[in-house]
Amino acid sequence: KMTQQMRDLQLAQARKPQGPSSPNAAKRLYRNLSGKFRVNYTSFDEGSLAGRGEKEKLRKSYLFQSNAALFEAVELQDLDRVQELLKQYSPEELDLNTPNSEGLLPLDIAIMTNNAPIARALLQAGAKESPHFVSLESRSLHLSTLVREAEQRVNELTAQVVNEAPNADCSEKEKQLKAWEWRYRLYKRMKAGFEHARVPDAPTNVHLSVASSSSVQVTFWEPLSINSAVVTKYKVEWSCSPTFSPPLGEAVIDKLKNLHFTIRGLVSGTAYYVQVSAYNMKGWGPPQASVPPFAIPSNWREYDGRAPRRRGQAEALDHLLGQVKTVHQHCVCHEPCKNQPQSRKHSVSKSLKHLFHPGSKFLKTLKRGLYLTAIFYKDDNILVTHEDQIPVVEIDDTYSCLLMQDFLWFTKVSCMWDEILWLRQCVTVSQSSCSCILQTRFKMLLAISQMQGLLGIQDLGQVFFEPIKDKQGNILIVTLKEVKTNQTFESVRWVPICKLQTSRKSVSSPEEPTALDTLLISVQDKLAYHQRSSHALSPGLYLGYLKLCSAVDQIRVLVPERLPNILCHVKIRSNPNISREEWEWLQKMASVEEPVPAEPEAETSQNHLFQELQVAIKELMTLVNIPLQEAKDFRLYSQEVLDFGGQVSFLLLLPPSDDVCTAPGQNNPYTPRSGFLTLPLQIFELGEER
C-alpha cells in the first residue's frame, strides 16, 4: 500500500509544474499572484464568479506549493528557507500540522534527523508531532516500512534503468532513481536517528516562586545534554507531598516559546512541591525538583493584613465629582464680574469675542503674553494651519509671568478635556471675589474651548512638563497628542515635520529665539518625550531610586529620559509578587542595626530575593553614577511595596535622610550621567496616573 502511495505521489509530482526553486523565486511567484488578487470584489457581477473561482484555485495551488517547499527545506536541512517560509505564511497557510502522504509532519523529519535549530523554529511556530505515532513501536514500524519500501522502489528503478535502452523514458527513470535514492538515504538517517536517541535528561534551573495568594510560578531551562533527541514538550507536576504521592495535578506544555507555567487555584498558606520533566520521541525523561523545593502561595499584605492603598479611591472620587456637578448643574456661563480693572475687563471681553466670532483664527505671531499651542502628530507628520503654522491661541495678552501654581492647575485640567464647559461655568460663578488667579484660570479655560472649537476635537492630549519662555515676554503652554487613526480635523492639514522646519522663516535672531521658534527647533525632542512617557514597563518586580531636588516654588524628581513616567529603576525579576515570607525577611533586615545582615538560608525564596537584590542594587548604583561604597548608607523603603495594576511592583531604594531631597544651592557630589531629567513632582504624578 505504501509503495502504491509513493508511486501515485511520484506521478502527481511529475504532472504538476515544479514548485519555486528558491525562496526568491517563491517571493516573486507570490507577488505576481497576490498582485492579481488585489481586486475590488464589490464591483464584480455574477458573471465574474468563474474568474474568482480560478483565482481561488491559483491561491490554493500556490499554498500547496509553499507546503511542499517547507517539507523540501526541512528535508534539505535549509534553516534559512524554513525561517523565511514560517515568517511569510501562517501555520494554517502552510498546513504545518497536516501529515503528508508518508504520514510525516515537518517536525517529525526535523527531530528524527536530529536537526535541533529547525525543530526549535518549527516548535515556536506551533508545529506538532504526527498523531500516527502513538507509541515507540508504531514509530519504529512506520520508519522500517518507509525504509523497506523506498529500498524496494530503488531496486525496481535500478533494474529498469539497467535493462532499458537509452531513450527519453530511460532518462526520466534515471531522474526518478536519483530522487528515490536520496529519499532512501533520508529515511535510513531518520530511522538511525530514532534508534540511537534516548529519553531526555531532566530540565535545568527549575525555579519556583510565589505568584499570588493563590498561585505559584515555575520557570525552567532546556536539558543540558546534546546527545538526546529534541525536546518537544514538558510536564509540570505539583503535590502537597515531597514524594508526589498523591499528585494534585499536572500540565503538559507544548508551546515552547517561553518556558514557564503558572499553577493557579491553590490554597493560600499551603506548601506545594513542584517538579518538571521533558519529553522527546523516545518518551518522558526523569523529573527535576524545583528550587526552592516548595512554595507557599501568599502576598506581602498578609504580613499585617494591610488593604490595598487605592482600594475604593477611584469610586470615591467619582462619587465626589458627581456631587460637585450636582451642586453646579444649574450654573450658566456668564460674563466676569464688573468690579475688575478696566484693562482686564477689556481683555476678557476681547477673548470672548474672539472665541464666539465665526471668523476666529489661529494666531500667526506672538506679541507679549500667555499662549496655548496643540501639537498633533502622526508618524513624521504634524498638524498645521492653512498658513503652515502650528495651532496657537491666546490665553492672556497681559500675563507676562506664568506662576507655577497656574501651570500645574492647567496640567490637572488636561485630565478633564471633556468637562471644560462645566469647569468654565464653575470658575465663572466663583469670580465674585475678582481673584487674579481665578481670572487667569478662567482665561485658560476659554483658550482651551477655543482650541477645541477650531480643531473640532475635545482631547488636546498631554501637557508638556514645562512651558516655553522667550526674552520677549512670551510664554507658550504646549500640549501633545499622537494620532493613530485617520482622524478628521477642522481648519488644519498634515505636513512633514522636516518640511515645516525648513520652510518656516524665523523672525528672531539665533541668540534670542521666540517661543515659537524654540518650539519648532525642539519639536522632535518633545514628540520623543511624549512617546516615551506613554510606554509601560514589562511585568515584574523593580528596584526604584527616589531622588528629589527642591527649588523656590517646586520639588522635582529624577527620572530616566527613556521612560520619564517612572522613577530611575532596574528590573529585579519577572515575578512582580512579594510573598509573605519574603516581606517578613525584608522587615527583619530593615530593623537590623548591623550594616550587613546575615544571609538567609540557602534554597529558600528569601535567599533568591537576597541574591536578586544584590545584583539589582549594584546595577542601579552604576546607572545613577553613585559609588557602590556609598550604597551602605542607603535603605529600602519597608513600609509597603508599590503596586501598579498587579503586573508591575516596586521596591524603593532611598538615600540617607539628609540626601533624599537636595536643597537649592546644595552641592550634589554624585551627578547622574546623561540620560536623565528632573520633572516637577506634580507632573510626574500625573504622568504616572496616565
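Which residue does tyrosine 272 stand opposite in strand 8? Alanine 295. That pair is picked up again in the second view below, and everything here comes from a predicted model.

**View 1. The whole chain, for orientation.** The chain's secondary structure adds up to 20 helices and 24 strands. Of its 690 residues, 45% count as buried. Take the contacts between residues at least 6 apart in sequence: 73% of them join residues at least 24 apart. The accessible surface comes to about 36500 Å², and carbon and sulfur atoms account for 53% of that.

**View 2. Strand 6 and its partners.** Strand 6 spans residues 272-280, and nine of its nine residues are buried, so the rest of the structure largely encloses it. Tyr272, Val274, Val276, Ala278 and Asn280 point one way, while Tyr273, Gln275, Ser277 and Tyr279 point the other way; buried, the lot of them. Strand 3 (residues 233-239) runs antiparallel to strand 6, joined to it by seven bridges, and here tyrosine 234 has alanine 278 as its bridge partner. Strand 8 (residues 288-295) also pairs with strand 6 in the antiparallel sense, over four bridges; this is where tyrosine 272 meets alanine 295.

**View 3. The hairpin of strands 6 and 7.** Just two residues sit between strand 6 and strand 7 in this hairpin. Strand 7 covers residues 283-284 and is joined to strand 6 by two bridges, with the strands running antiparallel. Look for asparagine 280 standing opposite glycine 283.

**View 4. Lysine 526, buried without a salt bridge.** Lysine 526 belongs to helix 17 (residues 523-532). Though buried, lysine 526 makes no salt bridge: glutamate 466, the nearest side chain of opposite charge, is 6.5 Å away. What the lysine 526 side chain does have is a polar contact of 2.8 Å with the side chain of serine 522. Setting aside neighbours within four places in sequence, lysine 526 touches Phe464, Ile468, Leu480 and Leu519.

**View 5. An open sheet of four strands.** The order is 23-17-18-24, with mixed pairing. Strand 23 (661-662) and strand 24 (676-680) take the edges; each has a single partner strand, so one side of each has no neighbour in the sheet. Strand 17 (residues 548-550) pairs with strand 18 (residues 555-560) in the antiparallel sense over three bridges, and leucine 548 stands opposite valine 557.

**View 6. Glutamate 584 and tryptophan 300.** Glutamate 584 lies in helix 18 (residues 580-591) and is partly exposed, at 32% relative accessibility. Tryptophan 300 is 284 residues away along the chain, yet the two C-alpha atoms are separated by 7.9 Å.

How values were computed. Residues are numbered from 1 along each chain as its sequence is written. This is a predicted model: local features need pLDDT of at least 70, side-chain atom pairs count only at pLDDT 80 or more; totals for chains, interfaces and linings use all residues. Side-chain values use heavy atoms; hydrogens and water are left out. Buried means under 20% relative accessible area, exposed over 50%, partly exposed in between (1.4 Å probe, protein chains only). Lys and Arg count as positive and Asp and Glu as negative; His and the chain ends are not counted. A salt bridge is a side-chain nitrogen of Lys or Arg within 4 Å of a carboxyl oxygen of Asp or Glu. A polar contact is a pair of N or O atoms within 3.5 Å; within protein, one must be able to donate a hydrogen and the other to accept it, and residues adjacent in sequence count only if both atoms are side-chain atoms. Contact means heavy atoms within 4.5 Å. Two strands pair if DSSP finds at least two bridges between them. Accessible areas come from the Shrake-Rupley method with a 1.4 Å probe; for residues, only the protein chains shown count as cover.
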